[in-house]
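Here is a small set of exercises to work through with the sequence and the 3D view side by side. Try each task before you read its solution.

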Amino acid sequence: QVYVKYSALFRITREAYPYEDTSQLLSRVISSYGANRIMWGSDFPYVVPECGYKGAKEAISHVAGKVAVSSSDLEWILGKTVSQLFQGAWVTP
């Protein structure tokens, strides 16, 4: 019953936006747990001065593209996992 919140890339990177050096970490987490156990977190409001909410979401997609994450896996990471985990208690836009 382990779930991983993948967020605050600006805190774990050694590179500037879009934090490409975090791509291998994402790949390893997917390999270890599966995309259906990973959920993206914006780290709002702390992300605002770094790259903003929109930038943080775009960075995840960019990083995922560097390690060939499937569109299905990216959908899980960006919302399906949290929707399944909270089963209707979490409202997605």
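The exercises below look at a predicted model and move from a cavity to a helix, two side chains and some backbone angles.

**Exercise 1. The cavity**

Find out how many cavities of 30 Å³ or more the whole structure holds, and work out what lines the largest cavity.

Solution.
- Step 1: Begin with the search. Over the whole structure, one cavity of 30 Å³ or more turns up, and the volume of the largest cavity is about 60 Å³.
- Step 2: Look at the residues around the centre. The lining has 13 residues, of which Ala8, Leu9, Trp40, Ser42 and Ala56 are the closest to the centre.
- Step 3: Trace the lining back to the elements. At least two lining residues come from each of helix H1 (9-12), strand E2 (38-41) and helix H3 (52-66); H3 gives the largest share, three residues.
- Step 4: Sort the lining by chemistry. Ten residues are nonpolar, three are polar and none is charged.

**Exercise 2. Two sides of a helix**

Decide which residues of helix H2 (residues 23-33) are buried, and which are exposed on the other side.

Solution.
- Step 1: Pick out the buried residues of H2: Ser23, Leu26, Val29 and Ile30.
- Step 2: Check how they are arranged around the axis. They span an arc of only 125 degrees, so they lie on the same side of H2.
- Step 3: Turn to the other side of H2, where Arg28, Ser31 and Ser32 are exposed.
- Step 4: Ask what the buried residues of H2 pack against. Their partners are strand E1 (4-7), E2, H3 and helix H4 (71-86).
- Step 5: Read on past the helix. Gly34 follows H2 and has a positive phi, near 90 degrees.

**Exercise 3. Two hydroxyl-bearing residues**

For Ser42 and then Thr81, determine whether the residue is buried or exposed, and which backbone atom its side chain reaches.

Solution.
- Step 1: Locate Ser42 in the loop between E2 and H3. Its relative accessibility is 15%, which is under the 20% cut-off, so Ser42 counts as buried.
- Step 2: Follow the side chain of Ser42 to the backbone nitrogen of Phe44, at 3.1 Å. Leaving out residues up to four places away in sequence, Ser42 touches Val47, Tyr53 and Ala56.
- Step 3: Move to Thr81 in helix H4. Relative accessibility is 1% here, so Thr81 is buried too.
- Step 4: Follow the side chain of Thr81 to the backbone oxygen of Ile38, at 3.0 Å. With residues up to four places away in sequence not counted, the residues that Thr81 touches include Tyr3, Met39 and Trp76.

**Exercise 4. Backbone angles worth a second look**

Identify where the peptide bonds before Pro18 and Pro45 are cis or trans, and say whether Ala8 and Ala68 are buried or exposed.

Solution.
- Step 1: Keep the usual case in mind: most residues other than glycine have a negative phi, and most peptide bonds are trans.
- Step 2: Examine the two prolines. The bond from Tyr17 to Pro18 is cis, with omega near 15 degrees, and Pro18 sits in the loop between H1 and H2. Phe44 and Pro45 are also joined by a cis bond, with omega about 10 degrees; Pro45 is in the loop between E2 and H3.
- Step 3: Examine Ala8, whose phi is positive, near 55 degrees. Ala8 lies in the loop between E1 and H1 and is buried, at 13% relative accessible area.
- Step 4: Examine Ala68, whose phi is also positive, near 55 degrees. Ala68 belongs to the loop between H3 and H4 and, at 67% relative accessibility, is exposed.

Technical notes. Residues numbered from 1 in each chain as written. Predicted model: local features only at pLDDT ≥ 70, side-chain atom pairs only at ≥ 80, totals over all residues. Heavy atoms only, no water. 1 Å grid on protein atoms, 1.4 Å probe; cavity = no way out; pocket = protein on both sides within 12 Å on 5 of 7 lines; lining within 4 Å. Points joined across faces, edges and corners; volume = space filled by probe spheres on them. Helix = DSSP H or I, 4+ residues; strand = E, 2+ residues; numbered from the N terminus. Nonpolar A, V, L, I, M, F, W, Y, C, P; charged D, E, K, R; others polar. Buried < 20%, exposed > 50% of the residue type's maximum accessible area, 1.4 Å probe, protein only. Arc of directions from axis to C-beta. Contact = heavy atoms within 4.5 Å. Polar contact = N/O pair within 3.5 Å; in protein donor to acceptor, adjacent residues only side chain to side chain.
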